[in-house]
Amino acid sequence: KGAIEHMDEVFGVFYDVPKASSSSEGDGADEEDDEDGATVPPEVVELVAARAAAKDAKDWELADSLRSRIGELGFAVKDVKGGEPIVSRI
């Protein structure tokens, strides 16, 4: 194996970022699918959006507390540089 393949096995740096699912417009559903295809509750979606806003404002304490709250609800957030965070069930 090459060095790149070995790095990927060890660090998992190369992965496919899931594409955002498009929901039907006008159906009123705020729920999204996590990377496992499970439904993410609207409360978690709102917390993830609030955390992203806190990070943009460089309010790290608030961002960390929101991440903790998301974890308490059974979800994890993985930040993706230049993209939307990935939410998965833990």
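The points below go through a predicted model, from its overall make-up to two residues and the core beside them.

1. Overall make-up. The secondary structure of the protein comprises three helices and four strands, and, read from the N terminus, these elements follow the order α-β-β-α-α-β-β. Of the 90 residues in the protein, 20% are buried. The protein exposes about 6700 Å², of which carbon and sulfur atoms supply 51%. Where contacts link residues at least 6 apart in sequence, 38% of them join residues at least 24 apart.

2. The nonpolar core. Ten residues form the largest nonpolar core, namely Val40, Val44, Val45, Leu47, Val48, Leu66, Ile70, Phe75, Val77 and Val87. At least two residues of this core come from each of H2, H3 and strand E3, the last of which spans 75-78. The largest share, four residues, is supplied by H2. As a general remark, nonpolar side chains in soluble globular proteins tend to be buried together.

3. Leucine 66. This residue lies in helix H3, which covers residues 60-72, and leucine 66 also belongs to the core named above. Leucine 66 counts as buried because its relative accessible area is 12%, and the cut-off for buried is under 20%. When neighbours within four places in sequence are left aside, leucine 66 is in contact with Leu47, Ala50 and Arg51.

4. Arginine 51. Helix H2, made up of residues 42-56, holds arginine 51. With a relative accessible area of 5%, arginine 51 is buried as well, although arginine 51 is not of a residue type that a nonpolar core, as defined here, can include. Which side chain makes a polar contact of 3.0 Å with that of arginine 51? The partner is aspartate 79. Not counting residues up to four places away in sequence, arginine 51 touches Ala63, Leu66, Arg67, Ile70, Val77 and Asp79.

5. The pair taken together. Leucine 66 and arginine 51 are 15 residues apart along the chain, and their C-alpha atoms are separated by 5.8 Å. Since leucine 66 lies in H3 and arginine 51 in H2, the contact between these two residues is one that a reader may wish to find when looking at how the two helices meet.

6. Valine 77. Another core residue, valine 77, touches Val48, Arg51, Arg67, Ile70, Pro85 and Ile86, with residues up to four places away in sequence not counted. Arg67 and Ile70 also appear among the residues that arginine 51 touches.

Methods: Residues are numbered from 1 along each chain as its sequence is written. This is a predicted model: local features need pLDDT of at least 70, side-chain atom pairs count only at pLDDT 80 or more; totals for chains, interfaces and linings use all residues. Side-chain values use heavy atoms; hydrogens and water are left out. Buried means under 20% relative accessible area, exposed over 50%, partly exposed in between (1.4 Å probe, protein chains only). Contact means heavy atoms within 4.5 Å. A polar contact is a pair of N or O atoms within 3.5 Å; within protein, one must be able to donate a hydrogen and the other to accept it, and residues adjacent in sequence count only if both atoms are side-chain atoms. A nonpolar core is a set of buried Ala, Val, Leu, Ile, Met, Phe, Trp, Tyr and Cys residues joined through side-chain atoms within 4.5 Å. Accessible areas come from the Shrake-Rupley method with a 1.4 Å probe; for residues, only the protein chains shown count as cover.
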